[in-house]
Each structure stands twice: as structure tokens, then as C-alpha cells.
Amino acid sequence: MGLEMIAVEIADYIVLKKIILVLFCIILFCKIVRYMFSLLKEEKEPITILVTGAAGQIGYALVPMIARGAMLGPNQPMILHMLDIEPATESLKGLKMELIDAAYPLLRGVVATTDVVEACKDVNIVVMVGGFPRKEGMERKDVMSKNVSIYKAQASALEQHAATDCKVLVVANPANTNALILKEFAPSIPEKNITCLTRLDHNRALGQISERLNVLVSDVKNVIVWGNHSSTQYPDVNHATVTTNSGEKPVRELVVDDNWLNNEFITTVQQRGAAIIKARKQSSALSAASAACDHIRDWVLGTPKGEWVSMGVYSDGSYGIPTGLIYSFPVTCERGDWNIVQGLKIDQFSREKMDKTAQELIEEKTLAKSCLN
């Protein structure tokens with residue numbers, strides 16, 4: 001009888017232990033689920049983005065794209081800093097009002113200022129749209145001299161007040177050389193963190209191939225824009241492909257017209273900006289703003305596997321391009337860093353085009369240095 005009671009007590013104890021263990025597991029599971037949900041709900045730290053020349057046409061197209069998440073994705077909150085010159089003060093105020101009125105969920109704050117130091121304070125990403133445009137009757141040296149002055153002042157402010165790891169995209173023309181000036185006067189910003197916009201030309205090339213072949217633009221990839229963001233740039237399709245029902249096919253194989261690809265296609269991309277100005281009597285603000293978002297998004301979040309994009313970056317001597325130039329190369333991006341695509345075959349036609357645009361950049365660099373002196 002005593003043994004039976006002991007056996008029952010042991011059985012009850014085992015059952016109780018099992019119940020306690022199950023309850024513990026349930027509580028632990030609930031805590032894990034609650035923690036995972038808290039992680040999902042946890043908001044990222046806002047990133048501070050500066051747009052210079054924000055009251056201009058490109059700025060007016062760009063800032064709402066950024067605020068909506070087109071640049072850094074739909075889950076990244078941001079604080080927008082907008083800088084412009086004194087005469088644009090009222091326009092800048094109006095733009096800030098519109099951003100507030102639009103009630104963008106990702107927007108955590110707006111600073112609209114004409115003070116370059118205030119604008120550069122703690123910024124993580126800089127899109128430099130502001131610059132002095134070339135006007136009728138002006139010599140190249142006059143334009144360069146104006147931009148040297150602008151970019152020297154802004155570079156100094158970024159050097160002193162921006163976040164140490166800030167990324168800079170120069171949009172204002174001459175974009176490549178303006179980026180070089182910026183690098184000169186902001187030596188503490190890593191050379192890999194200063195780039196210029198040739199993504200607009202890259203996107204234009206994609207669009208032309210898409211139109212020619214009547215395919216989705218998303219099915220065209222790996223065009224290249226080499227060199228300067230100017231009429232000497234070289235849009236190259238020798239390594240570009242199109243996704244078809246039977247797999248990826250080279251663009252040249254599908255177009256079957258080398259004369260068009262080597263002539264009309266290149267000049268159309270080179271002169272697209274001028275053609276848009278002629279058609280709408282204003283510059284290509286919308287496509288430039290969209291390209292700026294594409295550039296930063298791929299740089300920060302990464303390029304798709306097997307694809308590259310065109311970025312104006314500091315030359316390391318790849319493909320025989322002189323070091324010390326900001327030159328557009330094909331690049332892949334990962335974890336906020338870019339790397340030039342290596343090992344692409346360059347034919348004689350491409351070599352001549354690439355060297356021609358490099359020579360123009362050497363001349364611009366020399367001109368910029370003379371303005372500095």
C-alpha cells in the first residue's frame with residue numbers, strides 16, 4: 001500500500017513537472033514572439049539627407065521622391081536639409097510648407113536654410129544639385145571659376161560639419177569636375193564617398209534600347225556610360241543583355257544594326273539633355289531627380305546580383321584611365337560600397353571613345369586648377 005502511494009506521488013510529480021515545463025515553454029514562446037514583433041515595429045534611426053539647390057527645378061522634383069522613400073526604401077525615415085542661395089529664400093520656404101502639407105510618413109524633420117553650415121550639420125547623404133549654370137556668352141573658364149567658388153565653400157562646410165561617413169553625389173554640371181573640386185577641399189571625406197551622376201545617361205541608354213527592341217526596360221541590363229557627363233560620354237552596349245523567353249541575349253545580337261548602335265544611339269544619349277530643353281524649354285529635371293534616387297539607392301542598398309550600374313567615381317587606373325579623375329565606370333555596389341567591374345573586353349572603337357572623354361576631363365581638371373590658382 002505504501003509503495004502504491006509512493007508510485008502515485010511520483011507519477012503526479014512527473015505530470016506536474018511536465019505541466020510546469022509546458023507552461024514555461026509557452027511563456028518563453030510568447031516572449032520570443034513579442035520580442036520579434038517589437039523588432040518589426042522598431043523604427044530605424046532617421047538618416048539626414050542634404051539637397052543643395054533645393055528650390056530649383058531638379059530640387060523641386062527630387063525632394064518629394066526622397067520623402068516618399070524612392071531613394072532609401074519605404075522603411076527608412078529621414079530628416080531633410082535643403083540649401084539654396086539668398087534670392088531663393090521664399091521659394092525654399094514654400095517648398096518646406098509643401099513637404100509638411102504632404103504629410104510624408106517617413107519625413108521626421110525639414111530644415112530649409114541659406115546657411116551652408118546649418119545645412120551641412122550631421123548630414124549622412126548629400127545630393128549637390130546647386131551650381132552655377134553656363135549662360136549665353138560665358139566662357140568655360142567663367143563657369144568653372146563660379147563653380148570652384150561654390151564647391152570650395154560647400155566642401156569646407158561638409159569637411160567640418162557633416163557626419164564622418166557621409167556619402168556625396170554631385171549632380172550640378174560640370175558634375176565630374178565639380179566632384180573633383182569637392183574632393184580637393186574636403187580631404188577627410190574618403191575618395192570612395194564622393195561620386196557624380198552619370199546614372200541619368202545610363203538610364204537614357206536603357207530607355208533607348210528598350211524602345212528600339214520594344215521590350216521592358218527592366219529586361220535590359222549592363223549598359224555602360226564611360227567618362228564625362230558631357231557630350232563626349234561613351235554609352236557602350238557591348239556587354240549589355242536583354243532577358244528574353246529563351247534566356248539572356250546580347251543587345252547587339254538582338255538589334256542587328258551596328259551602324260545604329262555605333263552612331264545614332266550614341267549621339268541620342270549624348271545629346272538627350274539638349275533635346276529635352278529644346279522640346280520643353282526647360283531642363284530634364286524629372287529624369288535627373290529619378291536618376292539621383294537610383295544612384296543613391298543602389299549605392300546604399302546594393303545592386304542586384306549579376307548587374308552593374310554607371311557611376312562617376314574616382315579613377316584607380318582601371319581600363320587605362322588616369323588616376324586623379326572622376327570618371328564614369330561600370331560598378332557594382334554592396335553594403336554601402338562600390339567597386340569597378342573588372343576584366344571587360346575593350347575593342348578599338350570603345351578605346352578611342354573612352355580616351356576622348358578622359359582627355360576632356362583632363363582639360364577640365366587643368367582649367368579648374370587654373371581657377372583655384
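This passage describes strands, buried and exposed residues, salt bridges and a surface patch in a predicted model. Residues are numbered from 1 along each chain as its sequence is written, and side-chain values rest on heavy atoms, with hydrogens and water left out. Because the model is predicted, local features need pLDDT of at least 70 and side-chain atom pairs count only at pLDDT 80 or more, while totals for chains, interfaces and linings use all residues.

Helices (H or I, at least four residues) and strands (E, at least two) are DSSP runs, numbered from the N terminus. Two strands are taken to pair if DSSP finds at least two bridges between them. Strands of a sheet pair through backbone hydrogen bonds, in either a parallel or an antiparallel sense.

Parallel pairing is seen around strand β5, which covers residues 167-170. Strand β4 (residues 125-128) runs parallel to β5 and is joined to β5 by four bridges; within this pairing, Met128 stands opposite Val170. Strand β6 (residues 194-196) also pairs with β5 in the parallel sense, over three bridges, and here Leu169 of β5 is opposite Thr195. The side chains of β5 alternate in direction: Lys167 and Leu169 point one way, Val168 and Val170 the other way, and all are buried. Buried denotes a relative accessible area under 20%, exposed over 50%, and partly exposed in between (1.4 Å probe, protein chains only).

Leu169 and Thr195 are also among the contacts of His295. Contact means heavy atoms within 4.5 Å. His295 belongs to helix α11 (residues 285-301) and counts as buried because its relative accessibility is 1%. Apart from neighbours within four places in sequence, His295 touches Leu169, Thr195, Cys196, Leu197, Arg199 and Met311.

An antiparallel arrangement is found in an open sheet of three strands, ordered β7-β10-β11. Strands β7 (220-221) and β11 (247-250) are at the edges, each with a single partner strand, so one side of each has no neighbour in the sheet. Strand β10 (residues 241-244) pairs with β11 over four bridges in the antiparallel sense, and Thr241 has Pro250 of β11 as its bridge partner.

The loop between β9 (234-236) and β10 holds His239. A polar atom of the His239 side chain lies 3.1 Å from the backbone oxygen of Lys345. Neighbours within four places in sequence aside, His239 is in contact with Asn222, Ile224, Trp308, Leu344 and Lys345.

Salt bridges were assigned where a side-chain nitrogen of Lys or Arg is within 4 Å of a carboxyl oxygen of Asp or Glu. By this rule the count is nine. One of them joins Lys192 to Asp337, at 3.1 Å from N to O. This pair links distant parts of the chain, 145 residues apart: Lys192 is in the loop between α6 (175-185) and β6, and Asp337 is in strand β14 (residues 337-340). Lys192 is partly exposed, with a relative accessible area of 26%, and Asp337, at 29% relative accessibility, is likewise partly exposed.

Other salt bridges lie within a helix. Lys93 and Glu90 meet in a salt bridge of 3.5 Å, N to O; both residues are in helix α3 (residues 89-102), three residues apart, or about one turn of the helix. Lys93 counts as partly exposed because its relative accessibility is 43%, whereas Glu90, at 58%, counts as exposed. In helix α11, Asp294 and Arg297 are three residues apart and therefore separated by about one helical turn. Their closest N and O atoms are 3.1 Å apart in the salt bridge. Asp294 is buried, at 13% relative accessibility, while Arg297 is partly exposed, with a relative accessible area of 25%.

A nonpolar patch on the surface is formed by Ile19, Val22, Leu23, Ile26 and Ile27, with about 450 Å² of accessible area together. Patches consist of residues with over 30% relative accessible area and no salt bridge, like charges being joined within 9 Å and nonpolar side chains (Val, Leu, Ile, Met, Phe, Trp, Tyr) within 5 Å. Accessible areas come from the Shrake-Rupley method with a 1.4 Å probe; for residues, only the protein chains shown count as cover. Val22 is located in helix α1 (residues 2-41), and its relative accessibility of 47% makes this residue partly exposed.

Conventions
A polar contact is a pair of N or O atoms within 3.5 Å; within protein, one must be able to donate a hydrogen and the other to accept it, and residues adjacent in sequence count only if both atoms are side-chain atoms.
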